[in-house]
Amino acid sequence: MDNCIFCKIIKREIPAKIVYENGNFIAFEDIEGVAPIHLLCIPKKHIENFLEYPSSDMVDMSNFIKETAKEIGLDNKGFRMVSNIKEDSGQSVFHLHFHLIGGAKLKWDKLV
Ligand code: 5GP
Ligand code: ZN
């Protein structure tokens, strides 16, 4: 999509710290990380959110997320995976992405 910031990262029209990539997916550092490691894993195909994403494609998406976690070493001590969906979640970029957050002991608290 022309005005999608993540599509621009995929096309290298804006810079990003890309950490892992294959033909269909790309992982890069979140520009405003909330923990020592904060990556975004996204499909190269523009899809607005998880609800719109074909479940059959989640097999490859899951494998990519696991490979990324292993590549970065997040698989050792663990990490949190989050996908915000629509307005109540606070989704701000409308290209499906999974946040991979780790590198430290994470807090877990009430969100409202
Ligand atoms: P959401 O709020 O939609 O779940 O997450 C969007 C994430 O994208 C945010 O954590 C935000 O920091 C990140 N983000 C927004 N714009 C950019 C950008 O231009 N580059 C990178 N690397 N991350 C971005
Ligand atoms: Zn997009």
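The protein comprises four helices and five strands. The model is a predicted one. In sequence order, the secondary-structure elements are arranged as α-β-β-β-α-α-β-α-β. The C-alpha trace extends over about 35 × 35 × 30 Å along the principal axes. The radius of gyration is 14 Å, which agrees with the value near 13 Å that a compact globule of 112 residues would have.

Burial, contacts and surface composition were then considered. Of the 112 residues, 33% count as buried. Among contacts with a separation of 6 or more, 55% are accounted for by residues 24 or more positions apart. The exposed surface of the protein amounts to about 7,400 Å², and 52% of this area is supplied by carbon and sulfur atoms.

Empty space was examined next. Rolling a probe the size of a water molecule over the atoms shows where such space is left. The largest pocket has a volume of about 760 Å³. Its lining consists of 29 residues, of which Asp30, Glu32, His38, Leu40 and His99 are the closest to the centre of the pocket. Several secondary-structure elements contribute to this lining: at least two residues each are supplied by the helix α1 (5–10) and by the strands β2 (25–29), β3 (37–43), β4 (79–82) and β5 (98–102). The largest share, three residues, comes from α1. Classified by residue type, the lining of the largest pocket contains 15 nonpolar residues, together with seven polar and seven charged residues.

The second largest pocket has a volume of about 210 Å³. The residues that line the second largest pocket are Ile37, Gly73, Leu74, Lys77, Gly78, Phe79, Ile101, Gly102, Gly103, Ala104, Lys105 and Leu106. Two or more of these residues are given by each of the elements α3 (74–77) and β5. By class, six residues of the lining of the second largest pocket are nonpolar, four are polar and two are charged. The two charged residues are Lys77 and Lys105. The strand β5 thus appears in the description of both pockets: β5 supplies at least two residues of the lining of the largest pocket, and β5 likewise gives two or more residues to the lining of the second largest pocket.

How values were computed
Residues are numbered from 1 along each chain as its sequence is written. Chains are lettered from A and ligands numbered from 1 in the order in which they are written. This is a predicted model: local features need pLDDT of at least 70, side-chain atom pairs count only at pLDDT 80 or more; totals for chains, interfaces and linings use all residues. Side-chain values use heavy atoms; hydrogens and water are left out. On a 1 Å grid over the protein atoms alone, a cavity is a set of points where a 1.4 Å probe fits but cannot get out, and a pocket is an open set with protein on both sides within 12 Å along at least five of seven lines; lining residues have an atom within 4 Å of a point. Grid points are joined across faces, edges and corners, and a volume is the space filled by probe spheres set on the points. The radius of gyration is taken over C-alpha atoms; the globule rule is 2.2 Å times the number of residues to the power 0.38. Buried means under 20% relative accessible area, exposed over 50%, partly exposed in between (1.4 Å probe, protein chains only). Contact means heavy atoms within 4.5 Å. Accessible areas come from the Shrake-Rupley method with a 1.4 Å probe; for residues, only the protein chains shown count as cover.
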